[in-house]
Amino acid sequence: MPASFAALILAAGKGTRMRSARPKVLHEVAGRPLIQHVLGAVGALKPQHLAVVIGPNQNDVVAAIAPADFVIQRQPKGTGHAVAAAKSLLGRYTHDILIVAGDAPLVTRETFKPLFDARKRQPNAAVIVLGMRLADGGPYGRLILADDGSLARIVEAADCTEEERAVDFVSSGVMLVKAPVLFDLVGQLAAHNAQGEQYLTDVIGLARSKGLICRTAEGDPAELLGVNSRDELAYAEAVMQQRLRWRAMESGVSFTAPETVFLCADTKIGRDTVVGPFVVFGPGVKVGEGVSIPAFCHIVGATIGDHARIGPFARLRPGALLGTEVHIGNFVEVKNSRLASGVKANHLAYLGDSTVGEDANIGAGSITCNYDGVEKFRTNIGKGVFVGTNASLVAPLSIGPGAMIAAGSVITDNVPADALALGRARQRLKPGAAKAWRARRKAEIAARDAKPAAKGRR
Ligand code: UD1
Ligand code: MG
């Protein structure tokens, strides 16, 4: 990679084809906005300057790109116009500027290698465009080469003749341009084209008319896909999922059915963890080593300790911090709770806003009642506590170490260490009452059924 270059990411477009109220670059792939994928890959190249062109009144985009520098393009008048907006920031820069579209979430650090390699071979070229070969060039700009193999011009799909449309070498939107040339030429762009926009791609024709040399490099289309519509977004998601699964398996994670597991860009899973079919990882998940996660679990914002067992059918929500060897069974939900090592909640429980000490056992159907309809409260469950089945633990509540909670209890008062708490009605026994009740019911039914028959004879 070259020592000196600046990077400019274009993200101010309207994203019309998404048909969305949300800026296009904030749509997500693998739980992360498109623009953050691009920023991550470009940032890894360590440019001397890194700036993003965004639209006006886009505080959410500013937040998503922080702490990156940005400039505002007041009106979305095209990619060339967007670059011109960056003149205030990069106008005095003298080396190359790497331009990348903010809607290409599959780029990685390596994606740009052919471009920088070409720059080494072509130090005099004013512009080098990273192209890609596609059997059907679809919406991409076609790269029209001169007889000497240099780049003559780029024609946008909407402006192509039939012959140009058939060209299988297209622009990825990524290019390396000498900064002084770039800002000189984008100032001269016209908008005489199908979309009435100032196309950055027209810089090539302009450069050539001034006797400057333009070149191409060839990149991997699987990494350079642009997202302009919902179906392209879904396609990018599918490609990214495959990449993330492969990366996890490479690092020692087993997936029984990888194609059914969904990961986020930030999902971290330790080696020898086995993930069953249909498990979904949302943002912010860290899983330790040797963890077992059988089928149908939904995990978001949770940290799972080594050798834990989660599911099947478990739901871990943000703030679930599970120690080593914790067991979370079917239909158990954990939110904003710290479970120390060895805690077991094996069936049908809810632990919300709680702290659970080592080796505590949470019985089937037991619930922390953390919400009174207005505020949320915490439940502290000590080390070694045994909570029987179907207990309602009404927060705020503290249960001391070693205490036992009887099944079916509604616990509203703190329980000291090693105490047994019962919070349920005492059982009564009536010998023979069931049999007597059945006899009475049978007699009632017989009497009722006899009446309509008498009516029928009249
Ligand atoms: C663009 C290229 C096309 C290339 C393709 C690669 C142009 C004219 N066309 O087409 O040759 O094959 O990318 O994906 O450059 N943007 C702004 N301000 C604007 C317009 C766009 O910042 O006024 C930003 C968008 O947010 C987007 C990027 O520039 O991130 C590209 O714009 P987009 O509308 O997606 O261009 P394409 O039609 O994909
Ligand atoms: Mg695009």
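Colleague: Why is Asp272 called exposed?

Modeller: Happy to go through it, and please keep in mind that this is a predicted model. Asp272 has a relative accessibility of 56%, and the word exposed is used for values over 50%. Asp272 therefore counts as exposed.

Colleague: What makes the phi of Asp272 worth pointing out?

Modeller: Its phi is near 65 degrees, a positive value in a residue other than glycine. Most residues other than glycine have a negative phi. Asp272 sits in the loop between strand S13 (268-269) and strand S14 (274-275).

Colleague: And Asp418, is that residue buried or exposed, and how do you know?

Modeller: The relative accessible area of Asp418 is 62%. The cut-off for exposed is over 50%, so Asp418 is exposed. Asp418 also has a positive phi, near 60 degrees, although it is not a glycine. Its place is the loop between strand S36 (410-411) and strand S37 (420-421).

Colleague: Let's turn to peptide bonds. Which bond leading to Pro67 is called cis, and what is its omega?

Modeller: That is the bond from Ala66 to Pro67, where omega is near 5 degrees. Most peptide bonds are trans. Pro67 lies in the loop between helix H2 (59-65) and strand S5 (69-72). A cis bond also runs from Gly311 to Pro312, with omega near 5 degrees. Pro312 belongs to the loop between strand S20 (309-310) and strand S21 (315-316).

Colleague: Now for the empty space. What is the volume of the largest pocket, and which residues are closest to its centre?

Modeller: The largest pocket holds about 1000 Å³ of space. It is lined by 38 residues, and Arg17, Lys24, Thr79, Asp103 and Asn228 are the closest to its centre. To be counted in the lining, a residue needs an atom within 4 Å of a pocket point.

Colleague: What makes up that lining, by element and by class?

Modeller: Helix H3 (79-85) and strand S10 (169-178) each give at least two residues to the lining of the largest pocket. The largest share, 4 residues, comes from S10. By class, the lining has 16 nonpolar, 15 polar and 7 charged residues.

Colleague: How do you know which residues coordinate the magnesium ion (ligand 2)?

Modeller: By distance. A donor atom must be within 2.8 Å of this metal, and Asp103 (OD) and Asn228 (OD1) coordinate the magnesium ion at 2.1 to 2.2 Å. Asp103 is in the loop between strand S6 (96-101) and helix H5 (113-121), while Asn228 is in the loop between helix H9 (221-224) and H10, so the pair ties together parts that are 125 residues apart in sequence. Both Asp103 and Asn228 are buried.

Colleague: What is the volume of the second largest pocket, and what lines it?

Modeller: Its volume is about 260 Å³. The lining has 15 residues, with His37, Ala41, Val107, Thr108 and Arg247 nearest the centre. Helix H1 (34-43) and helix H10 (230-250) each supply at least two of the lining residues. The classes are 7 nonpolar, 4 polar and 4 charged.

Colleague: Why does His37 count as buried?

Modeller: Buried means under 20% relative accessible area. His37 is at 9%, so it counts as buried. His37 lies in helix H1. Leaving aside residues up to four places away in sequence, His37 touches Val29, Arg32, Pro105, Met240 and Ala265.

Colleague: Why is strand S7 said to be largely enclosed by the rest of the structure?

Modeller: Strand S7 (residues 127-133) has 7 residues and 6 of them are buried, so S7 is largely enclosed by the rest of the structure.

Colleague: How do you know that S7 pairs with S10 and with strand S11?

Modeller: Two strands pair if there are at least two bridges between them. S7 and S10 have 7 bridges, in the antiparallel sense, and Leu130 stands opposite Val174 in S10. S7 and strand S11 (residues 214-218) run parallel and are joined by 5 bridges. There, Ile128 has Arg215 as its bridge partner in S11.

Colleague: What makes S26 and strand S29 a pair?

Modeller: At least two bridges are needed, and 2 bridges join S26 to strand S29 (residues 361-362), which run parallel. Ala345 stands opposite Ile362 in S29. Strand S26 (residues 344-347) is also joined to strand S23 (residues 327-330), by 3 bridges and in parallel. In that pairing, Asn330 stands opposite His347 in S26.

How values were computed
Residues numbered from 1 in each chain as written. Chains lettered and ligands numbered in written order. Predicted model: local features only at pLDDT ≥ 70, side-chain atom pairs only at ≥ 80, totals over all residues. Heavy atoms only, no water. Buried < 20%, exposed > 50% of the residue type's maximum accessible area, 1.4 Å probe, protein only. 1 Å grid on protein atoms, 1.4 Å probe; cavity = no way out; pocket = protein on both sides within 12 Å on 5 of 7 lines; lining within 4 Å. Points joined across faces, edges and corners; volume = space filled by probe spheres on them. Nonpolar A, V, L, I, M, F, W, Y, C, P; charged D, E, K, R; others polar. Donors = N, O, S within 2.8 Å, 3.2 Å for Na, K, Ca; no water. Contact = heavy atoms within 4.5 Å.
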